[in-house]
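Subject: Structure handover

Hello,

Here is the structure I promised you. Please open it first, then read my notes below.

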Amino acid sequence: MQSVIYLNGGKKKYKGNLHTHSTRSDGQYETETVVSAYKNKGYHFMCLSDHEIYWKSAAYDEENFIMLSGYEMACEMSWKETGQQYHIHGLLDRTLGSDHEFAHDEEHAKPDYAGLHTIQELIDEMIDRGNLVILNHPTWSRNKPEDLLQLHRYFAIEIYNHQSEMDEAVGYGLRHWDYLLSNGRKVFGIAADDAHRGSFDSAISEFFGGWISVEANRLNQEDIIDALKAGRYYSSSGPEIQDLRVENGYLKVECSPVKFIKFITEPFNGRTLYNEDAAPITSGSFLLDSGMKFVRVECVDFEGNTAWSNPVFIDELL
C-alpha cells in the first residue's frame, strides 16, 4: 500500500467560506459589510454566492484575503410539488478553458424543472461556462441520495450547512455523502455557512459556523481551486485537522484537542478513539484494508463541533 500525504502539518492552510449571501440576492447586509465581517474574523477567502448572479471582482481583495468568483444557482421548482429542490454552487475554474465565462454581476435565469435531466443539463451548462460544481445542502433540499447518484460531474456536496442546521435542523449531508461513497462515487465534502441574516457577534449566529481549511500553494483563485479539486482541505464547524497521511498501511491523523476521533469506512465497521477519562486526544491511526472502499475521519470536540476529512480512496493506494 502506497504512502500518501493528504494534509501536511508543516504547510500553510487558508480558511474560507464558500457560501454566504448579501443584498445582491436574499441576504440582509450589503456586500462590503459581509466581506468586512469575514475579514475581521481572520478568514483568508470567501465566495459571495448570491442566487443566480455571478461574483467576479477583485474589488475587496488584499494581500491576505481574496474573493473567489462564483455563485449559487437553482432550478425553478416547488418542493411542495416535486418533493425536493436543487441548489447548485459554481466556482470559477479556469483550467476548464471556457471561452464564455460569466461576467461580474451577470444573471443566470433559472430553468424550469422537468425532471432529473434538467438538473444534469444545468450542471453541464455551469461546467461549460467554466465552473467547478458543488451540490448544496442536500438534506434541506430534500434530495434523494439515489437521485444524487444518477447525477454526474459535481466534485463535492455540502456535508454541513450551518444556516440550515441553525434555523431548520437540516444542515447535515453526511447520509447523502456516505451513500454516494458507498456506491463508488468519488466525491468530496464541504462545510459552509450559507449565512443570510442576523447578528455577526451573537454567541449563536448564522455566520462563522462552517468553513473549509485549504492547503494551497498560494492565496489566489487558481491555487485554491486546484487544492479543492485535489481534496487538499478539510471541512469544519470547530476543530482543526493539522495532518492527514497514509503511512505503513495506517491512516494517521493529527488534530486540535478533541473528545473523539472517528474513522468511518465501508463495507467494514470503523473505529472511535477516545480517552476513558475524557482527556483530550490529538492524534490517532487506523489500519487500512484492501477491501475497504474509503475511509474518512471525523474529529469531534467537547462541544460536539466536528472537523471532517475528505475520504481516502483505498483503490488509489494499491
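Asp223 is in contact with Ala216, Asn217 and Arg218, leaving aside its neighbours within four places in sequence. Please keep in mind that this is a predicted model. Asp223 sits in helix H7. Its relative accessible area is 9%. The cut-off for buried is under 20%, so Asp223 counts as buried.

Asp226 belongs to helix H7 too. Is Asp226 buried or exposed? Neither: with a relative accessible area of 33%, Asp226 is partly exposed. Setting aside residues up to four places away in sequence, Asp226 touches Thr95 and Arg232. From Asp226 to Ala216 the C-alpha distance is 7.8 Å, with their positions 10 residues apart in sequence. Ala216 is also one of the contacts of Asp223.

Helix H7 itself covers residues 221–230. Which strands does helix H7 lie across? They are strand S6 (87–92), strand S7 (131–135) and S9. Helix H7 runs at about 130° to S6.

Those strands lead to the sheet.

The order is S5-S6-S7-S8-S9. This is an open sheet of five strands, and the pairing is mixed. Strand S5 (70–74) and strand S9 (188–192) are the edge strands, and each pairs on one side only. From one strand to the next, the twist averages 35°. Strand S8 spans residues 156–161. S8 and S9 pair in the parallel sense, over five bridges. Within that pairing, Tyr160 has Ala191 in S9 as its bridge partner.

Next, Ser164 and Trp140.

Ser164 lies in helix H5, residues 162–168. Ser164 counts as buried, at 1% relative accessibility. What does Ser164 touch, not counting residues up to four places away in sequence? The answer is His137, Trp140, Ala169, Val170, Gly171 and Asp194.

Trp140 is in the loop between S7 and helix H4 (145–150). Its relative accessibility is 24%, so Trp140 counts as partly exposed. Trp140 touches Ser164, and also Gln85, His87, Glu168 and Val170, again not counting residues up to four places away in sequence. Val170 thus appears in the contacts of Trp140 and in those of Ser164. Trp140 and Ala169 are 29 residues apart in sequence. In space, their C-alpha atoms are 8.5 Å apart.

Helix H6 runs over residues 174–182. Which residues of helix H6 are buried? They are Leu174, His176, Trp177, Leu180, Leu181 and Ser182. Gly184 follows H6, and its phi is positive, near 90°.

There is another open sheet to look at.

Four strands form this one, in the order S1-S12-S13-S16, and the pairing is antiparallel. Why is one side of strand S1 (4–7) and of strand S16 (281–287) left without a neighbour in the sheet? Each stands at an edge and has a single partner strand, so one side has no neighbour there. The twist from one strand to the next averages 15°. Strand S13 covers residues 250–258. Six bridges join S13 to S16, and the two run antiparallel. Among the paired residues are Val253 and its bridge partner in S16, Gly284.

Now the whole protein.

The protein has seven helices and 19 strands. Its radius of gyration is 19 Å. The globule rule gives 20 Å for 318 residues, which is close, so the protein is as compact as a globular protein of that length. Along the principal axes, the C-alpha atoms fill a box of roughly 50 × 40 × 40 Å.

Of the 318 residues, 56% count as buried. The accessible surface is about 13,400 Å². Carbon and sulfur atoms account for 44% of that surface. Take the contacts with a separation of 6 or more: 66% of them are between residues 24 or more positions apart.

The domain assignment gives two entries, domain 1 (12–237) and domain 2 (238–317). Their C-alpha centres lie 25 Å apart. How many residues of domain 1 are in contact with domain 2? There are 22, and they meet 21 residues of domain 2.

Best wishes

Terms used: Residues are numbered from 1 along each chain as its sequence is written. This is a predicted model: local features need pLDDT of at least 70, side-chain atom pairs count only at pLDDT 80 or more; totals for chains, interfaces and linings use all residues. Side-chain values use heavy atoms; hydrogens and water are left out. Two strands pair if DSSP finds at least two bridges between them. Axes are lines fitted to C-alpha atoms, for helices over the stretch in contact, and angles run from 0 to 180 degrees between N-to-C directions. Contact means heavy atoms within 4.5 Å. Buried means under 20% relative accessible area, exposed over 50%, partly exposed in between (1.4 Å probe, protein chains only). The radius of gyration is taken over C-alpha atoms; the globule rule is 2.2 Å times the number of residues to the power 0.38. Accessible areas come from the Shrake-Rupley method with a 1.4 Å probe; for residues, only the protein chains shown count as cover. Domain bounds come from an automatic or database domain assignment.
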